[in-house]
Structures are given as structure tokens and as C-alpha cells.
Amino acid sequence: RMLGEALRAETVLPAWRLFAGLLLGSLILGWLATQLWRSRRNLAYQIDFGLVALALVGGVLLIWFSYNEVALAYRIAAETGADPGIWPQIVTISSGVMLLAIAWKIWKGAAEQTSGALFGLRLFGAIGLMVGAWLLIAALPTCIASGSEDMWNGLKVTALYSIGTVPFQIGFSLFLAILLFQKLPGSAAFRMLFFLPYVTPTVASAAVFRQIFSSRYQAPMNAIFRLIGLEPKQWLLEPDGVFALLADSIGIVLPTWAAGPSLALAVIMIYSIWTFVGYDTVIYLAGLGNIPLELKEAAEIDGANKWGIFLHVIWPLLSPTTYFLSLIAVIGTFKAFNHIWVMRQGAALGTTDTFSIVIFSEFFEKLRYGYASALAFVLFAVILSLTYLNNKIQGSRVFYG
């Protein structure tokens, strides 16, 4: 009854009548089309042609309408001195990205041209599109400045956390896997020891790390520093960058952009590497076990040394394993939450708050449910984009033997 009253409301009834008329008209036209074109094959062609034409015309009209609205918003902002809002900037930047993609396609296609005139024309067109794309993308700093500071800071911290974790995690695990694959005495025990951090409950091991890297004078890590003649550190309470602290120790002042991740975030990175190296090592050991011994022996007969065998035989055949581990590691760093929540402290909170921490804080502490949900979709889009880029860049270089 309430739905019926809503549909009969004065503001809704005209739109409802228009919808009903369009629906009835489309049904009549569809029935007439089936009567006029008896052949199903011809009808399918007509439908495809009609849909393509409709999409093309609708797309052109939508682009025309969008850019008119963007131009109107910028013109009003210029006349009144008001902020045009974020949507015109988003449309402008997205257009720049699309132009950049088109320019890249045209640039790549220039090499396939047999005519010098077509080659030069394509290069000239690609350069023109690149310039136009750059002019449109130049609105990005303004768009970023008008966004949420917590969101951008969370993205920056997450990017630093991922860059500082994934390469070392993969590198250490590969080194340990090759070492343990040599059947050395006690290798089975070391395999178990390296895998233990991965199966240890995250909250418990993070709490232990928090005590090891405590800012107390008697904390284990500070005791080691005092033993070797170094000053105790604040560790998880230190918001200053690692590179800035190292530069200050030798009397050099670094700019803010070169400060690097905070010391507190570096400790969290160490914990993450320590936790996942064992898992990656086990996966690499499985990958090494799948490499045929005959290939290594053939390389030795051809005169290859151990480094040559690794570089030209082992490493290419481990590319599927490396691709899988790097993909999982990047996704894991962008979703990391438990150990970061346990280890974050006091003065360094802003420098250790990754994107997942920001979402949690907005939802459960600030009670901004809608904003937190929007941030979750942003995180999903970022992870999806990184996965796609990793698949396009690294996936094409995977060698399956």
C-alpha cells in the first residue's frame, strides 16, 4: 500500500507514466521487429547493430554532457572564487589518464608502420596526446590537497610498508631456500624453526615484539644497543624517519621527502619479514624440488658455474613461484591489520597507521560508517589495480618450462 501511494505521488507519477510508456513502446517495437525480420540470424545482426549504435550515440552524448558540466563548474568557480568540488577534477584527471593510454597505444603502433609519413604522423599524434594528458593530469595535486588527509597518509604509509617488506621478504626466503636445499646437517630442524613464526598466533608474537622493541631503558633491544656502545632508541614511539635518523647521526640534514618510513614502522616491517619468511621459504623449497636435476647437470657440462646455473636455470624456472609469492605478499601488506594494531603506540600513531588501520578507526572509533565503507571500496580498488599491474608486468615474464 505504501509503495502504491509513493508511485502515485505528484512528484513521482509523471516519471512513472513516462517509464510505463517507454516500456510499452519498447515491447511493441520488439514485437514488430520479430514480425518484420523472420530470420533469427538477420534479427541478431540488427540487434547487435542497434545496441552498438545506441552505445556509441549514448557515449558521445554522455561525454559531451560531462565536459560541458565540468567547464561550467570551472567557469563558475573562476567567477565566484569558490571551490569547484572534487568531481570536475576527477573527470579531468580520468580524461588525462585515458588520453595517456591512447597515446601509448599510438606510440607502440608507430613501429609497425611501413610508411615514413604514417610513422611520423603517429609519433606527432602520440606526443600531442601526451601533452594534453599531462595538462589534464596536472589537476591531481589540487585534487589530492582537497581530499582526506588521513586517507592519503594511510595510502603513503601502506605503500612504504609494502615497499620495505616485500623485496626483503622474497630475497631472504629465496636465500634460505637455496641454503636449506643443499641437504646440510640439521636442515630439517632449521626448516621447522623458520616456519614457526608463521604458525605462531599473530597477536601473541606481536605482543612479544612490542616488548623486545620497547622504549624502556632495560628493554632487550635497547640492552643490545647499550652493549655495543649505541644510544637506546624509542623504537615503536619514534615518528622520525629511519633515513633522517641515520643522517642526523653523521651530521647530515635530509629533506622531509627523503626521511623514509618512521622507526616505528620499520620495526613493524621487521616483524612482518620475520613472520612470513618461513612460509615463503617453504614455497620456494617446493619450487626448487620441481626443477629437473638434468638441467643443472647439462649446464655444468656446458661450463656454467654456480652463479650461471642460478641465473640462467634456477631463477627462470622459479619465476612462477616468485610471481605467486610477490602477488600474495603485496595483497597481504595492503590488508595487514592484526600485528600493526597490536604494535602501534603513542607518539608514532600517525606514521604507522596503514590504510586498513584508518578504515578500522573511522568505523569503530569515529563511528563514520559510510565513510569507512567508502574507504574499504577504495582499498579494494587499489588492491585490484595492483594485482592487474602485477599480472601485466610480471605475469608476462613467468616461464613455466
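**Note on the helices and a surface patch**

1. In this predicted model, the buried residues of helix 19 are covered by elements that include helix 7 (149-180), helix 15 (319-335) and helix 18 (355-365). The residues of helix 19 that are buried are A372, L375, L379, I383 and N390.

2. The length of helix 19 can be checked by simple arithmetic. Helix 19 comprises residues 369-393, and at 1.5 Å a residue these 25 residues should span 36 Å. The expected span is 1.5 Å times one less than the number of residues. The C-alpha atoms at the two ends of helix 19 are 36 Å apart, so the expectation and the model agree.

3. Helix 9 runs over residues 202-212, and within it S205, A206 and F209 are buried. These residues lie on the same side of helix 9 because they cover an arc of only 100° around the axis. Among the elements that cover the buried residues of helix 9 are helix 12 (263-289) and helix 16 (338-343).

4. Attention may now turn to the surface. F190, M192, L193, L196, Y198, V199 and F276 together make a nonpolar surface patch of about 630 Å². The most is given to this patch by helix 8 (residues 187-199), which supplies six residues.

5. Is Y198, a residue of helix 8, buried, partly exposed or exposed? Its relative accessibility is 33%, and therefore Y198 counts as partly exposed. The reasoning rests on two cut-offs: buried means under 20% relative accessible area, and exposed means over 50%.

Conventions: Residues are numbered from 1 along each chain as its sequence is written. This is a predicted model: local features need pLDDT of at least 70, side-chain atom pairs count only at pLDDT 80 or more; totals for chains, interfaces and linings use all residues. Side-chain values use heavy atoms; hydrogens and water are left out. Buried means under 20% relative accessible area, exposed over 50%, partly exposed in between (1.4 Å probe, protein chains only). Helices (H or I, at least four residues) and strands (E, at least two) are DSSP runs, numbered from the N terminus. The arc is that of the directions from the helix axis to the C-beta atoms. Contact means heavy atoms within 4.5 Å. Patches are made of residues with over 30% relative accessible area and no salt bridge: like charges are joined within 9 Å, nonpolar side chains (Val, Leu, Ile, Met, Phe, Trp, Tyr) within 5 Å. Accessible areas come from the Shrake-Rupley method with a 1.4 Å probe; for residues, only the protein chains shown count as cover. A salt bridge is a side-chain nitrogen of Lys or Arg within 4 Å of a carboxyl oxygen of Asp or Glu.
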